[in-house]
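Visitor: I'd like a close look at one part of this model, the sheet and whatever sits against it. Could you walk me through it once it's on the screen?

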Amino acid sequence: MPTMSGLEYLRAMLAGELPGPPIASLMDFTLAEVDAGTVAFTCEPNESHYNPLGIVHGGLVCTLLDSALGCAVQTTLPRGQGYTSLEIKVNYLRAVTAGSGLLTCTGTVVKPGSRVAFAEGKVVDASGKVVATASGSLLVFPIGPGAGA
């Protein structure tokens, strides 16, 4: 990763040239689209994602949003730069169940930055209804050899 721009890295992942992160397979996420300043993930919710109330746990939706916001910012980063979430605010608008169908989460950079970047995201269900939105800030920092020097 330190040898590629963020956009190059994510495009290589989308093309299957690089493996996805372990969290994606754990939570059934698929990277669906990558472009400068924006990414989209999909996720097919099922009963394994349920909380004790019998609906999809909010943590799944939050993790989907956090991933989309972070990867959207990653597409704006040059080689040798990484990021981590500083904060995320999620608004849950409707319950998600296995019957919600394929979820599509889109993350978009609002303001790129060399120290802090800002992004927004939304999750829609198979019928196009928005089920959650988020905004967040992400810390940008050097990675790779000599990063802390």
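Which residue in strand 6 is the bridge partner of Glu-87?

Guide: That would be Ser-137. Keep in mind that this is a predicted model. The Glu-87 pair is a handy way in, so let's work outwards from there.

Strand 3 and strand 6, the latter covering residues 130-142, run antiparallel and are joined over 11 bridges. Elsewhere on strand 6, Thr-133 stands opposite Asn-91. Strand 6 also pairs with strand 5, again antiparallel, through 9 bridges. On that side, Gly-121 has Ala-134 of strand 6 as its bridge partner. Strand 5 and strand 6 make a hairpin with 5 residues between the strands, and there Gly-128 takes a positive phi near 90 degrees.

Now zoom out to the sheet itself. It's open, built from 6 strands in the order 1-2-4-5-6-3, with antiparallel pairing. Strand 1 (29-35) and strand 3 (81-92) are the edges, each pairing on one side only. On average, neighbouring strands are turned by 20 degrees against each other, direction ignored.

Next, the helices. Helix 1, residues 6-14, packs on the sheet and touches strand 1 and strand 2 (38-43), with its direction at about 130 degrees to that of strand 1. Its buried residues are Gly-6, Leu-7, Tyr-9, Leu-10, Ala-12 and Met-13, and they pack against strand 1, strand 2 and helix 3. Just as a reminder, an α-helix has 3.6 residues a turn, so residues three or four places apart point the same way. After helix 1 comes Gly-16, with a positive phi near 85 degrees.

Helix 3 (residues 58-74) lies across strand 1, strand 2, strand 3, strand 4 (103-111), strand 5 (116-124) and strand 6. Relative to strand 3, helix 3 runs at about 140 degrees.

For a good spot to see helix 3 and the sheet meet, try Phe-29, in strand 1. Phe-29 counts as buried because its relative accessible area is 7%, under the 20% cut-off. Leaving aside neighbours within four places in sequence, its contacts include Leu-60, Thr-63, Leu-64 and Ser-67, as well as Phe-41, Thr-42 and Cys-43. Ser-67 is 38 residues away along the chain, yet the C-alpha atoms of Phe-29 and Ser-67 are separated by 9.5 Å.

Follow the contact from Phe-29 to Thr-42 and you land in strand 2. Thr-42 is buried too, at 16% relative accessibility. With the same sequence neighbours set aside, Thr-42 touches Asp-28, Phe-29, Thr-30 and Ala-32, and also Leu-102, Leu-103 and Thr-104.

Last stop, the largest pocket, with a volume of about 410 Å³. Its lining has 22 residues, and Leu-10, Met-13, Pro-21, Phe-41 and Cys-71 lie nearest the centre. Helix 1, helix 2 (22-26), strand 1, helix 3 and strand 3 are the elements giving two or more residues to that lining. Helix 3 gives the most, with 5 residues. By type, the lining splits into 15 nonpolar, 6 polar and 1 charged. Two names should ring a bell: Leu-10 and Met-13 are among the buried residues of helix 1, and both are listed nearest the pocket's centre.

Key:
Residues numbered from 1 in each chain as written. Predicted model: local features only at pLDDT ≥ 70, side-chain atom pairs only at ≥ 80, totals over all residues. Heavy atoms only, no water. Pairing = 2+ DSSP bridges. Helix = DSSP H or I, 4+ residues; strand = E, 2+ residues; numbered from the N terminus. Axes fitted to C-alpha atoms, helices over the stretch in contact; angles between N-to-C directions. Contact = heavy atoms within 4.5 Å. 1 Å grid on protein atoms, 1.4 Å probe; cavity = no way out; pocket = protein on both sides within 12 Å on 5 of 7 lines; lining within 4 Å. Points joined across faces, edges and corners; volume = space filled by probe spheres on them. Nonpolar A, V, L, I, M, F, W, Y, C, P; charged D, E, K, R; others polar. Buried < 20%, exposed > 50% of the residue type's maximum accessible area, 1.4 Å probe, protein only.
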